[in-house]
Amino acid sequence: MNKAREMTRREFLKVSGLMTSSAAIGLMPFLSGCGFPAAPEIDQDAFLVDGDHLIVRMDKTSLLSRVGDSAAVSMEEDDIHLIIVRIGEERYVVALNECPHREKRLGYDPGSEIFLCVTGKSEFKLDGSYLKGPVEAPLRIYKSTQEGKTLLIDLKTDKMSER
Ligand code: FES
């Protein structure tokens with residue numbers, strides 16, 4: 001009876017050990033590659049470049065309809081990559097959508113109000129200042145103003161350089 005009980009315990013330990021290893025192996029991809037999703041991209045017909053400004057038609061995208069939403073603008077031909085965050089009813093933050101480390105795209109976490117590199121390794125405050133990551137550099141932040149249903153982004157100026 002004791003022997004049978006001992007076998008059961010041993011078997012249990014063996015099986016649970018195996019299960020623990022399997023669980024750890026199963027989790028490995030998530031633990032090693034814990035990145036962050038990039039901001040969704042705004043459709044091309046919702047924005048255009050006009051001289052030194054990028055104009056976003058807010059009525060043509062639903063990606064920024066709520067406070068805390070974020071969206072990306074990508075124009076490969078003009079090398080323009082921005083991330084826009086709606087921080088208030090009529091207030092937005094616009095940053096360069098390139099991590100200073102290796103220029104990966106960014107996402108935004110409305111809970112903590114920080115920008116995150118898709119690798120999950122770099123973080124930045126809403127004002128672009130560095131929080132953590134391999135390269136201690138800020139994000140470039142662009143001036144923007146809302147005019148009716150359009151968001152006007154000044155591509156030539158950035159708030160960080162004015163400090
Ligand atoms: S590219 Fe963002 S941390 Fe490396």
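Strands here are DSSP runs of E at least two residues long, numbered from the N terminus. With that in hand, the predicted model can be walked through piece by piece. Confidence comes first: the chain averages a pLDDT of 83, and 75% of the residues score at least 70. The weak spot to keep in mind is residues 1–32, where pLDDT stays under 50 and the model has 0 contacts beyond four places in sequence.

A handy place to start is the hairpin made by strand 3 and strand 4, with 4 residues between them. In its turn sits D79, whose phi is positive at about 55 degrees. Strand 3 covers residues 70–75 and strand 4 covers residues 80–88, and the two pair antiparallel over 6 bridges. Across this pairing, V73 of strand 3 stands opposite L82 in strand 4.

L82 also turns up in the largest nonpolar core, a set of 31 residues. Along with V56, I83, I84, V94, A95 and F115, L82 touches the most other members. Strands 2, 3, 4, 5, 6, 7, 10 and 11 each supply at least two residues of this core. The largest share, 5 residues, comes from strand 5. As for V94, its contacts outside its own stretch of sequence include L82 and I84, as well as I141, Y142 and I153.

Then there is an open sheet of 4 strands, ordered 6-7-8-9 with antiparallel pairing. Strand 6 and strand 9 are the edges, each pairing on one side only. From one strand to the next, the twist averages 30 degrees. Strand 8 (residues 123–125) is joined to strand 9 by 2 bridges, and E123 has K132 in strand 9 as its bridge partner.

Note on methods. Residues numbered from 1 in each chain as written. Predicted model: local features only at pLDDT ≥ 70, side-chain atom pairs only at ≥ 80, totals over all residues. pLDDT = per-residue confidence, 0-100. Contact = placed C-beta atoms within 7 Å. Pairing = 2+ DSSP bridges. Core = buried A, V, L, I, M, F, W, Y, C linked by C-beta atoms within 7 Å. Buried ≥ 20, exposed ≤ 12 C-beta atoms within 10 Å, placed from the backbone. Axes fitted to C-alpha atoms, helices over the stretch in contact; angles between N-to-C directions.
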